[in-house]
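Biologist: Could you take one part of this model and walk me through it closely, and then set that part in the context of the whole chain? I would like the reasoning spelled out where there is any.

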Amino acid sequence: MSVIEDGPMQEGGPTQAPLATFTVFAYNQEAYVAEAVRGALAQRYRPLQVILSDDASTDRTFEVMTEAARACPPDVSLILNRNPHNIGIARHINKVAGLADGKYLVLSAGDDVSLPERTGISVEALANDAQGRLALHSAVTNVDAEGRTLFVRENPHHGRLGSPQAVLAHDVYLTGSSVTVDRRLYADFPALLPDVVNEDKVTAFRCAFLGGAVYIEQPLVNYRAGVGVSTLNGALLHGRDDPAREARYVRTGLARRRSVLAQMQLDCTKEPIAGKVDPSLEGAIASEARTLDRLLAFADKPHFLALPGVFRAAGLDRKTVKLVILFLMPGLFTLYKGLVRRRDR
């Protein structure tokens, strides 16, 4: 299938619209991926390229994706990709961004469903943005595993994207399931580091140097809550009173945050922002990275002798005390949780 050189931005719209690439990233999502692909192929925007990419799923995700792809409209350019081995979220994004031909990349997961107007609204907003911003995100409609509507979820950070300091201090993210970016946001920056999972936080940091991001209050995606890769298929959301599960949750969060900081540090040394970063910001990133390194080392090898260094690095607050109890004295964790509940009543 060939890419259409010219076409309406939306039906009845102006001609000479830029090519958009709609991407679907999938991994072990055979129960949902057909619906995600149908959402991609139902996009009304033209000219459109669609990339369906499976990260070496161990279930039937790729077969289901392939079957659903047969309904691709004749005026849409289609790429169907399957990685020979699992490469993880960051490398998968890097690879698909390299395959894309569009000026704009619409990012979606294999368990979410984009509304037909998503690409058109997103591209038009970015193309006409007076500030020339390179990314857009929106509210989403949270749905359950069966697709039943739960609630509309707004992004609480969308007003903080104009400041790198605010992005760092508040752990700001774009709503990843609804993100559309100008391809330069990947092509002009360093490739994502292999262990990055929260690419939406990396995008927020980059956008903070480029005027922020466009935010649309209209939901453009049905987001399937609690079944995706970022929550370990829901495992991070359940059993939080169990010490072993909670320890997994806490360590996973620390490691993911550390990988985002490593990406920030790399981005600060490379174009297009090298030489434009306030030294105090670089110092703050490095300081938080050192703290996380200390906490991760303690989580991996908890020991009483490490406590002074842990409290010196992270402070003597509720979160640090919880971490110490969880990893050093898991038997006391249930008691601690009960005391916290009674205190907060």
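Modeller: I will begin with N28, which lies in the loop between β1 (20-26) and α1. This is a predicted model, and in it the phi angle of N28 is near 50 degrees, a positive value in a residue other than glycine. N28 counts as partly exposed because its relative accessibility is 26%, a value that falls between the 20% limit for buried and the 50% limit for exposed.

A second residue with a positive phi is A56, where the angle is near 55 degrees and the residue is again not a glycine. A56 is found in the loop between β2 and α2 (61-69). With a relative accessible area of 16%, A56 is buried, since the limit for that class is under 20%.

Strand β2 itself covers residues 48-54, and D54 is found in it. The relative accessible area of D54 is 0%, and D54 is therefore buried. Leaving aside residues up to four places away in sequence, D54 touches A26, Y27, T61, F62, M65, N81, R82, N83 and H92. Of these partners, A26 belongs to the span of β1 (20-26), while T61, F62 and M65 fall within α2 (61-69).

On the other side of β2, the loop between α1 (33-41) and β2 holds P47. The peptide bond that leads from R46 into P47 is cis, with omega near 5 degrees. A cis peptide bond also joins E271 and P272, where omega is about 10 degrees, and P272 has its place in the loop between α8 (243-269) and α9 (279-300).

To set this part in context, the protein chain contains 12 helices and 11 strands. Four of the strands form an open sheet in the order β5-β11-β7-β8, with mixed pairing. Its edge strands are β5 (113-114) and β8 (149-153), each of which pairs on one side only. The partner of β5 is β11 (residues 221-224), to which it is joined by 2 bridges, and these two strands run antiparallel; within β11, V221 is the bridge partner of S114.

Among the helices, α11 (residues 318-328) is largely enclosed by the rest of the structure, because 8 of its 11 residues are buried. The buried residues in α11 are T320, K322, L323, V324, I325, L326, F327 and L328, a list that includes the lysine K322.

For the chain as a whole, 51% of the 345 residues count as buried. Its radius of gyration is 21 Å, which agrees with the value near 20 Å for a compact globule of 345 residues. Along the principal axes, the C-alpha trace spans about 65 × 45 × 40 Å. Among contacts with a separation of 6 or more, 74% are made by residues 24 or more positions apart. The accessible surface comes to about 15,700 Å², and 54% of it belongs to carbon and sulfur atoms. Finally, the chain carries 40 positive and 39 negative charges, whose mean positions are 8 Å apart.

Definitions and conventions: Residues are numbered from 1 along each chain as its sequence is written. This is a predicted model: local features need pLDDT of at least 70, side-chain atom pairs count only at pLDDT 80 or more; totals for chains, interfaces and linings use all residues. Side-chain values use heavy atoms; hydrogens and water are left out. Two strands pair if DSSP finds at least two bridges between them. The radius of gyration is taken over C-alpha atoms; the globule rule is 2.2 Å times the number of residues to the power 0.38. Buried means under 20% relative accessible area, exposed over 50%, partly exposed in between (1.4 Å probe, protein chains only). Contact means heavy atoms within 4.5 Å. Accessible areas come from the Shrake-Rupley method with a 1.4 Å probe; for residues, only the protein chains shown count as cover. Lys and Arg count as positive and Asp and Glu as negative; His and the chain ends are not counted. The place of a charge is taken as NZ of Lys, CZ of Arg, CG of Asp or CD of Glu.
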